[in-house]
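Could you walk me through a few places in this model that are worth a look? A short tour with the viewer open would be ideal.

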Amino acid sequence: MKNINSYSFEGEKAIVRVDFNVPLSTELKVTDNTRIKGALPTIKKIVNDGGAVILMSHLGRPKKGPEDEFSLKHVIPELERLTGMVVRFAPDCIGDETLEMKKDLKPGEILLLENLRFYKEETKGDEEFASRLAEGCDVYVNDAFGTAHRAHASTTIIARFFPDEKLFGFLINSELENMDKVMHTSEKPFTAIMGGAKVSDKILIIKNLLDRVDNLIIGGGMAYTFIKARGGKIGNSLCEEDKLDVALDIIESAHEKNVEIFLPVDSVVADKFEAEADSRISASDSIDDGWMGLDIGQEAIKEYAGIIKRSKTILWNGPMGVFEMEKFSKGTSEIAKAIADATSSDAFSLIGGGDSVAAINKNKLADKVSYVSTGGGAMLEYMEGKVLPGIAAIRGDS
Ligand code: AMP
């Protein structure tokens, strides 16, 4: 497998799958440039080597073909600002005109193709469409970790047209390196913190983690399914009735594997799912009817922060409560701070999943943790032990 560190792009035209699926304001300006920044090291390497860069990405979920609000042209000003270079734009991602633009591209220049998802063939993984993307290019680079779990034309199928000249960009390389570090060479004690709304989304990753972690901390809405499964009274808290058995299985399996499993001893409960709801503290296993747990309580924060502080490896996925509402955001912020503190005392911390990343950013702690993953779904699937099609297509094991 080729490695971007030692590869020379000199004189080559590189087609690079990036993740420029960035949020746009109503004026169609980029409001968060994290994903564009993530692609910069790869773009710069190709340019500095004397190669030409052809960037392709999706943006949003266009349903009816080309729609102005989903055009990648809105990304150009920010991309030009961050690269300090002129960016050419192909108003179609395939076709004769685009092929001409690829051919005309000189070493050191950047061409951005229009949104891949203006064609349904992209998500269908259409081979003919992938061949049109590949034409006129010498090497394929995949640097879009967020879509690596999808067998789309630009993330997976296109690799067939570059049997030898295919490689990961710097972003995917570091995602894989950091996830592998956590999953395979983690220093002990290893603590995983799982939160978010649903147990059902996290069952597979939890099962895979039970063979690796020392502590499993559970928070967020999913905690109440576990608490009910253990016989607790959870009032109107979120509960997946059909997952009570799975929750019990996980608790038993953790016990057999000597994994300590932690559920929040107390919760901030509210009488409504609303930012201004009445709220109070309750033991998590005796929540009154009419009340619902929307955040972990102070005792739980204290216990969790203590475990995090004593850990050498930390993985966090999913908020501890309804952190979008100020009143129920404390548990998530405090856990974010505890992870940053542990990192400053030499723990390795990996944060993944859109909401925990948002919480880390909201608390301005992105620089104080070891690694923030860019791929929510892709990270979960990798950590579930699944083979990601976009990764396998480059490694050649698919
Ligand atoms: P997920 O996408 O599964 O990681 O879940 C994230 C969502 O879970 C966020 O929008 C949170 O508001 C929500 N959430 C976290 N804790 C709770 C809770 N106790 N009750 C209801 N929703 C919650």
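Here is a short tour of the ligand site, two buried polar residues, one helix and a few backbone details.

## The model and its ligand

Please keep in mind that this is a predicted model. A good place to begin is the ligand, which sits in the second largest pocket. Around the ligand there are 17 residues, and the closest are Ala197, Gly221, Gly293, Glu324 and Asp355.

Which atoms of Gly221 and Gly293 come close to nitrogen atoms of the ligand? For Gly221, a polar backbone atom is 3.1 Å from a ligand nitrogen. For Gly293, a backbone N or O atom lies 2.9 Å from a nitrogen atom of the ligand. On its own the ligand exposes 500 Å², and the protein buries 80% of that. Lys202 takes part through its side chain, with a polar atom 3.3 Å from an oxygen atom of the ligand.

## Glu240

Now turn to Glu240, in the loop between strand S9 (233–234) and helix H9 (244–256). Is Glu240 buried or exposed? Its relative accessible area is 15%, so Glu240 counts as buried, the cut-off being under 20%.

Beyond its neighbours within four places in sequence, Glu240 is in contact with Lys198, Val199, Ser200 and Thr225. Val199 is 41 residues away from Glu240 in sequence, yet their C-alpha atoms are 7.5 Å apart in space. With Ser200, Glu240 makes a side-chain to side-chain polar contact of 2.5 Å.

## His149

His149 belongs to the loop between strand S5 (139–142) and strand S6 (166–168). His149 counts as buried because its relative accessibility is 11%, and buried means under 20%.

What does His149 touch, apart from residues up to four places away in sequence? The answer is Gly377, Ala378, Glu381, Leu388 and Pro389. A polar atom of the His149 side chain also lies 3.5 Å from the backbone oxygen of Gly146.

## Helix H13 and its cover

Helix H13 covers residues 376–383, and its buried residues are Ala378, Met379, Leu380, Tyr382 and Met383. One of these, Ala378, is also touched by His149.

Several elements cover the buried residues of H13. Among them are three helices, H6 (170–184), H7 (203–209) and H14 (389–395), along with strands S15 (313–317) and S16 (348–352). After H13 comes Gly385, with a positive phi near 95 degrees.

## Backbone details in the loops

If you step through the backbone, pause at the peptide bond from Lys188 to Pro189, which is cis with omega near -5 degrees. Pro189 is placed in the loop between H6 and strand S7 (190–194).

Two residues other than glycine are also worth a visit for their positive phi. Leu28 has a phi of about 65 degrees and lies in the loop between strand S1 (13–17) and helix H1 (34–49). At 25% relative accessibility, Leu28 is partly exposed. Asn258 has a phi near 60 degrees, and its place is in the loop between H9 and strand S10 (260–262). With a relative accessible area of 70%, Asn258 is exposed.

Methods
Residues numbered from 1 in each chain as written. Heavy atoms only, no water. Helix = DSSP H or I, 4+ residues; strand = E, 2+ residues; numbered from the N terminus. Buried < 20%, exposed > 50% of the residue type's maximum accessible area, 1.4 Å probe, protein only. Contact = heavy atoms within 4.5 Å. Polar contact = N/O pair within 3.5 Å; in protein donor to acceptor, adjacent residues only side chain to side chain. Near = heavy atom within 4 Å. Areas by Shrake-Rupley, 256 points an atom, 1.4 Å probe, with all protein chains shown as cover. 1 Å grid on protein atoms, 1.4 Å probe; cavity = no way out; pocket = protein on both sides within 12 Å on 5 of 7 lines; lining within 4 Å. Sits in = over half its atoms within 2 Å of the grid points.
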